[in-house]
Amino acid sequence: MSAQNSAGIQTLLDAERDASKIVQKAREYRTKRVREARDEAKKEIEAYKAKKEAEFKKFEAEHTQGNKAAQDEADAEAETRIREIKEAGNKSREQVIKDLLHAVFTPLPEAMAAH
């Protein structure tokens with residue numbers, strides 16, 4: 001009976017070894033599958049991100065053109081107004097200087113009496 005017990009124990013040990021190998025292969029497969037799933041998810045995320053970035057750039061380009069046109073128009077108008085102001089200043093510069101010098105150097109009796 002001892003030989004039979006020994007053969008039974010050996011059979012159990014063999015079965016345990018086989019089960020251990022199967023479990024190890026299952027773990028390796030699961031690890032590999034998790035890694036593959038993670039890589040697939042990363043690719044999907046990158047593709048989605050690229051798609052949304054392209055949509056944003058398109059939206060930005062469409063709406064920036066309107067803003068650029070408005071900005072260019074405002075710049076041109078400001079430039080025109082600055083030119084007009086400079087021309088007006090140049091036309092009356094001499095008279096303004098004369099009036100200013102006259103006001104500074106001509107004493108007014110009323111101003112002196114107030115002191």
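Let me start with helix H1, which spans residues 2–91 and contains Ala69. Please keep in mind that what we are looking at is a predicted model. Ala69 is partly exposed, as its relative accessible area is 44%. I will return to Ala69 when we reach the second helix.

Staying with H1, the record deserves a mention. An unreviewed UniProt entry assigns the feature "coiled-coil region" to residues 31–62. In the model, that span is 100% helix and 0% strand, and its end C-alpha atoms are 47 Å apart.

Now to the charged side chains. How many salt bridges does the structure hold? The count is five, and I will go through three examples.

The pair Asp14 and Arg17 has its closest N and O atoms 2.9 Å apart. Both residues belong to H1 and are separated by three residues, about one turn of the helix. The general geometry is familiar: an α-helix has 3.6 residues a turn, so residues three or four places apart point the same way. As for accessibility, Asp14 is partly exposed at 30%, and Arg17 is partly exposed at 45%.

Further along H1, Glu84 is bridged to Arg81, with 3.0 Å between the closest N and O atoms. These two residues of H1 are again three residues apart, about one turn of the helix. Glu84 counts as partly exposed, with 40% relative accessibility, and Arg81 is partly exposed as well, with a relative accessible area of 47%. Elsewhere, salt bridges with shared partners link Arg33, Glu36 and Glu40 into one network.

Within that network, Arg33 and Glu36 form a salt bridge whose closest N and O atoms are 3.3 Å apart. Both lie in H1, three residues apart. Arg33 is partly exposed at 35% relative accessibility, and Glu36 is partly exposed at 33%.

Let us turn to helix H2. Its 13 residues reach 18 Å from the first C-alpha to the last, close to the 18 Å expected at 1.5 Å a residue. How many of its 13 residues are buried? The count is zero, and H2 is hardly covered. Val104, located in H2, which runs over residues 93–105, illustrates this: Val104 is classed as exposed because its relative accessible area is 57%, above the 50% cut-off.

Val104 also contributes to a nonpolar surface patch of about 540 Å², together with Ile97, Leu100, Leu101 and Phe105. Finally, back to Ala69: Ala69 and Leu100 are 31 residues apart in sequence, and their C-alpha atoms are 43 Å apart in space.

Notes
Residues are numbered from 1 along each chain as its sequence is written. This is a predicted model: local features need pLDDT of at least 70, side-chain atom pairs count only at pLDDT 80 or more; totals for chains, interfaces and linings use all residues. Side-chain values use heavy atoms; hydrogens and water are left out. Patches are made of residues with over 30% relative accessible area and no salt bridge: like charges are joined within 9 Å, nonpolar side chains (Val, Leu, Ile, Met, Phe, Trp, Tyr) within 5 Å. Accessible areas come from the Shrake-Rupley method with a 1.4 Å probe; for residues, only the protein chains shown count as cover. A salt bridge is a side-chain nitrogen of Lys or Arg within 4 Å of a carboxyl oxygen of Asp or Glu. Helices (H or I, at least four residues) and strands (E, at least two) are DSSP runs, numbered from the N terminus. Buried means under 20% relative accessible area, exposed over 50%, partly exposed in between (1.4 Å probe, protein chains only). The expected span of a helix is 1.5 Å times one less than its number of residues. UniProt positions are given in the numbering used here, feature names are shortened, and annotations may be inferred rather than shown by experiment.
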